[in-house]
Amino acid sequence: MPKVLISDAMDNIAKKILLENNIEVEIKTDFTFEELINQIPSYDGLIVRSATKVTKEIIAKANNLKIIGRAGAGVDNIDVTAAKEKNIIVMNTPG
């Protein structure tokens with residue numbers, strides 16, 4: 001079963017939708033940068049808003065990550081180039 005981390009506060013509907021689609025969800029909104037780097041290999045997906053900065057360093061450690069989703073407009077807090085180099089999909093939901 002895929003495992004997704006939601007690292008920023010958002011409506012519980014996101015968790016509900018993922019669970020309904022047989023995706024394991026963990027919500028942890030108080031990761032430090034170092035904790036996120038250490039834990040990111042455990043996840044297949046990452047959902048952020050604007051508080052989490054998905055840097056090149058985080059992406060480098062994300063050995064299982066397949067997708068990064070931003071709940072909001074833009075992807076300026078995600079290193080899209082680093083993600084692309086690892087074939088990680090980056091998407092956003094501006095609505």
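This briefing walks through the sheet, the cores, the largest pocket and a few single residues of the structure above. Keep in mind that the model is predicted. At its heart for our tour is an open sheet of five parallel strands. We will also visit a nonpolar core of 18 residues and a pocket with a volume of about 330 Å³.

**The sheet**

- Reading across the open sheet, you meet the five strands in the order β2-β1-β3-β4-β5, with parallel pairing.
- The edges belong to β2 (24-27) and β5 (89-92); each has a single partner strand, so one side of each has no neighbour in the sheet.
- On average, and ignoring direction, neighbouring strands of this sheet are turned by 20° against each other.
- As background, strands in a sheet pair through backbone hydrogen bonds, and the pairing can be parallel or antiparallel.

**How the strands pair**

- Strand β1 (residues 3-6) runs parallel to β2, and four bridges join them. Here you can find Lys3 opposite Glu24 of β2.
- β1 also pairs with β3 in the parallel sense, over three bridges. Look for Leu5, which stands opposite Leu46 in β3.
- Between β3 and β4, which run parallel, there are four bridges. In this pair, Val48 faces Arg70 of β4.
- Which way do the residues of β3 point? Gly45 and Ile47 point one way, Leu46 and Val48 point the other way, and all are buried.

**The nonpolar cores**

- It helps to know that nonpolar side chains tend to be buried together in soluble globular proteins.
- The largest nonpolar core has 18 residues, and the members that touch the most others are Ile40, Leu46, Val54, Ile59, Leu65 and Ile68.
- At least two residues of this core come from each of α2 (33-39), β3 (45-48), α3 (56-61) and α4 (80-85).
- A second core, separate from the largest one, has seven residues, including Val4, Ile6, Leu18 and Val25.

**Two core residues up close**

- Beyond its neighbours within four places in sequence, Val54 contacts Leu46, Val48, Ile59, Ile68, Asn77, Ile78 and Asp79.
- Ile59 sits in helix α3. Is Ile59 buried or exposed? Its relative accessibility is 1%, so Ile59 counts as buried, the cut-off being under 20%.
- Leaving out residues up to four places away in sequence, Ile59 touches Val54, Ile68, Asp79, Ala82, Ala83, Lys86 and Ile88.
- Ile59 and Glu85 are 26 residues apart in sequence, while their C-alpha atoms are 9.6 Å apart in space.

**The largest pocket**

- To picture how empty space is found, imagine rolling a probe the size of a water molecule over the atoms.
- The lining of the largest pocket consists of 18 residues, and those nearest its centre are Ala14, Leu18, Ile47, Gly69 and Thr93.
- Two or more lining residues come from each of α1 (13-20), β3 and β4 (67-70).
- Which element gives the largest share of the lining? That is β4, with four residues.

**Two asparagines with positive phi**

- Asn22 is located in the loop between α1 and β2. Its phi is near 60°, a positive value in a residue other than glycine.
- With a relative accessible area of 56%, Asn22 is exposed.
- Asn87 lies in the loop between α4 and β5. Although Asn87 is not a glycine, it has a positive phi of about 60°.
- Asn87 is exposed too, and its relative accessible area is 67%.

Methods. Residues are numbered from 1 along each chain as its sequence is written. This is a predicted model: local features need pLDDT of at least 70, side-chain atom pairs count only at pLDDT 80 or more; totals for chains, interfaces and linings use all residues. Side-chain values use heavy atoms; hydrogens and water are left out. Two strands pair if DSSP finds at least two bridges between them. Axes are lines fitted to C-alpha atoms, for helices over the stretch in contact, and angles run from 0 to 180 degrees between N-to-C directions. A nonpolar core is a set of buried Ala, Val, Leu, Ile, Met, Phe, Trp, Tyr and Cys residues joined through side-chain atoms within 4.5 Å. Buried means under 20% relative accessible area, exposed over 50%, partly exposed in between (1.4 Å probe, protein chains only). Contact means heavy atoms within 4.5 Å. On a 1 Å grid over the protein atoms alone, a cavity is a set of points where a 1.4 Å probe fits but cannot get out, and a pocket is an open set with protein on both sides within 12 Å along at least five of seven lines; lining residues have an atom within 4 Å of a point. Grid points are joined across faces, edges and corners, and a volume is the space filled by probe spheres set on the points.
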